[in-house]
Amino acid sequence: PATTTTPTLPAPTLSFTASKTSLTKGTATTLTWSSANAVSCTASQGWSGSKTASGSTTLTPQTTTTYTLSCKGGSGDQVLKSVTVTVTEPAPAPTAQKKFYPGFWGLYGQHDKGGAVVDAADLQGKDYFKGITRSYVWKELEPAYGNYDFSGIRAQKEAVAGTGKKFGVEIKWTNNWPGGNPSIPEYMWNDASYGGTISGKHGAYLGAASNDAWTAMTWNPKVQGRIFALLDAMGTAFDNDPDIGFILLEQETTHGADTNDDPGYTCAKELEAIKTIMTYAYARFPHTPVFYELDWGCFDIPSSIHQFLIDGGNGAWTINAVACTDKDLGERDANTYALFRSAYDKIAGAIFLDGWNDVRAWPCYESAAAVLGHIGEAFRARYFLVDQSNGPYQDEINQATKDWWNAHNGVWPFSDVPSTWK
């Protein structure tokens with residue numbers, strides 16, 4: 001009988017490649033394959049399912065992944081190939097370089113809407129000032145809900161720019177003088193949802209309802225929302241402006257609000273509000289230092305705020321330079337300065353020399369020069385705000401400032417950029 005010979009089928013072949021075998025997370029690679037003499041192809045490992053004899057597909061692996069493809073011939077022979085795509089995390093986005101203008105700054109007080117600006121004549125003979133600071137009341141920055149008026153800031157900025165100096169903007173939401181009206185926008189005054197419950201008051205200054213001075217209830221979610229909206233508008237307008245040196249947020253001085261004004265108030269809420277507002281402001285001003293003035297509070301400022309600033313990587317806040325430090329009887333102030341010195345590389349502090357208080361009334365200083373000599377060296381402040389609001393001791397502090405500047409040969413000794421700002 002005749003012998004029947006079964007023909008030998010050719011073995012399958014396979015070409016399998018990736019357009020990119022090394023990529024950054026979030027980018028794609030294209031797998032391409034082509035087989036011959038195959039009756040079926042199957043994907044495994046990083047992908048799956050039956051595949052045509054030839055084809056391509058684009059994938060975006062999130063981690064390093066191996067893709068395998070096997071193709072089987074008619075005689076049962078199988079060819080298998082794999083390709084590994086290595087995925088790396090993208091490099092972190094560079095931290096925005098903050099503007100950095102350390103030195104003495106003249107603090108010229110509140111700018112009233114339509115009022116005069118500080119110009120070259122006011123700054124004559126004050127070469128020691130890196131720039132000036134003016135305060136702007138929230139209700140004038142937002143005269144109606146969601147409508148913002150920054151004309152006063154722009155007018156002052158232009159006047160200062162002509163002198164070659166920089167401009168720092170303080171946003172005020174506290175009226176800390178007896179009498180007058182709240183500094184918050186008028187649409188909040190008699191709306192209980194913003195926290196006002198006694199004749200429109202929104203948190204009595206220092207917790208004394210009879211003091212007749214107000215502060216915004218920053219722990220109220222609706223008030224916070226409006227502060228965020230203001231910061232959004234100001235960040236858009238001024239963060240990239242080279243003439244704006246820093247933003248200074250309002251003095252937080254409740255000492256615990258009067259519970260008659262807000263029965264829901266707690267010290268913990270106030271502290272959390274400060275941190276929340278700080279964090280939001282830092283995000284809205286990535287190129288501009290933001291300071292939060294924390295002179296007083298129901299909480300212990302050093303232990304409550306210090307680590308938060310370090311962890312946040314944007315540390316900047318102010319304290320009142322007329323408070324005594326290591327030399328005096330106040331343990332809180334001594335601790336504050338010690339903490340700042342311990343984190344000097346990360347926290348850029350600003351201090352405020354007040355022209356309305358006689359420094360000799362404090363047990364540790366005999367003159368404004370002593371304040372500069374001790375606090376300036378001990379605190380190592382990058383920014384020193386010198387009151388120019390015509391207080392009775394302004395001439396003394398200006399002379400002390402000039403003498404200190406000349407003694408340092410016109411060079412600010414604390415000019416190294418904090419590591420968190422680089």
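1. A residue is called buried here when its relative accessible area is under 20%, and Gln156, at 0% relative accessibility, therefore counts as buried. This should be read with the reminder that the structure is a predicted model. Gln156 has its place in helix H2, and its side chain makes a polar contact of 2.8 Å with the side chain of Arg134.

2. The surroundings of Gln156 can be described a little further. When neighbours within four places in sequence are left aside, Gln156 is in contact with Val117, Val118, Ile132, Arg134, Tyr136 and Phe167, so that Arg134 appears both in this list and as the partner in the polar contact. Val169 lies 13 residues from Gln156 along the chain, and the C-alpha atoms of these two residues are separated by 9.8 Å.

3. Helix H2, which spans residues 151-161, also carries Lys157, and this residue deserves a point of its own. Lys157 forms a salt bridge with Asp241, in which the closest N and O atoms are 3.2 Å apart. Because Asp241 lies in the loop between helix H4 (221-238) and strand S14 (244-249) while Lys157 lies in helix H2, the pair ties together parts that are 84 residues apart in sequence. Are the two partners buried or exposed? Asp241 counts as buried at 14% relative accessibility, and Lys157 is likewise buried, with a relative accessible area of 13%.

4. A second link of this kind involves Arg382 and Asp416, whose side chains meet in a salt bridge with an N to O distance of 4.0 Å. For a reader who wishes to weigh this pair, the cut-off is relevant, since a salt bridge requires the nitrogen and the carboxyl oxygen to lie within 4 Å. Arg382 sits in the loop between helix H8 (368-379) and strand S18 (383-387), and Asp416 in the segment after helix H9 (394-407), so the pair ties together parts that are 34 residues apart in sequence. Arg382 is buried, with a relative accessible area of 1%, whereas Asp416 is partly exposed, at 38%.

5. Salt bridges that share partners join Lys157, Asp241 and Asp243 into one network. In total, the structure holds six salt bridges. One of them pairs Lys25 with Glu89, the closest N and O atoms being 3.7 Å apart, and this pair links distant parts of the chain, with Lys25 in the loop between S2 and strand S3 (29-36), Glu89 in the loop between S8 and strand S9 (103-110), and their positions 64 residues apart. Lys25 is partly exposed, with a relative accessible area of 32%, whereas Glu89 counts as exposed at 56% relative accessibility.

6. The strands S2 and S8 belong to an open sheet of five strands, which has the order S2-S8-S7-S4-S5 and mixed pairing. Strand S2 (22-24) and strand S5 (49-51) stand at the edges with a single partner strand each, so one side of each is left without a neighbour in the sheet. Neighbouring strands of this sheet are turned against each other by 30° on average, direction ignored.

7. Within this sheet, S7 may be followed in some detail. Strand S7 (residues 65-72) pairs with strand S8 (residues 78-88) in the antiparallel sense over eight bridges; Thr65 has Val85 in S8 as its bridge partner, and Lys72 stands opposite Gln78 in S8. The two strands form a hairpin with five residues between them, and Gly76 in the turn has a positive phi of about 95°.

8. Strand S4 (residues 40-45) also runs antiparallel to S7, the two being joined by six bridges, and Gln45 stands opposite Tyr67 in S7. How much of S7 is covered? The strand is mostly covered, with six of its eight residues buried.

9. A last residue to consider is Lys172, found in strand S11 (residues 166-172). At 11% relative accessibility, Lys172 counts as buried. With neighbours within four places in sequence left aside, Lys172 is in contact with Gln110, Ser135, Tyr136, Val137, Trp138, Ser183 and Glu250. Tyr136, listed among these contacts of Lys172, is also listed among those of Gln156.

Terms used:
Residues are numbered from 1 along each chain as its sequence is written. This is a predicted model: local features need pLDDT of at least 70, side-chain atom pairs count only at pLDDT 80 or more; totals for chains, interfaces and linings use all residues. Side-chain values use heavy atoms; hydrogens and water are left out. Two strands pair if DSSP finds at least two bridges between them. Helices (H or I, at least four residues) and strands (E, at least two) are DSSP runs, numbered from the N terminus. Axes are lines fitted to C-alpha atoms, for helices over the stretch in contact, and angles run from 0 to 180 degrees between N-to-C directions. Buried means under 20% relative accessible area, exposed over 50%, partly exposed in between (1.4 Å probe, protein chains only). Contact means heavy atoms within 4.5 Å. A polar contact is a pair of N or O atoms within 3.5 Å; within protein, one must be able to donate a hydrogen and the other to accept it, and residues adjacent in sequence count only if both atoms are side-chain atoms.
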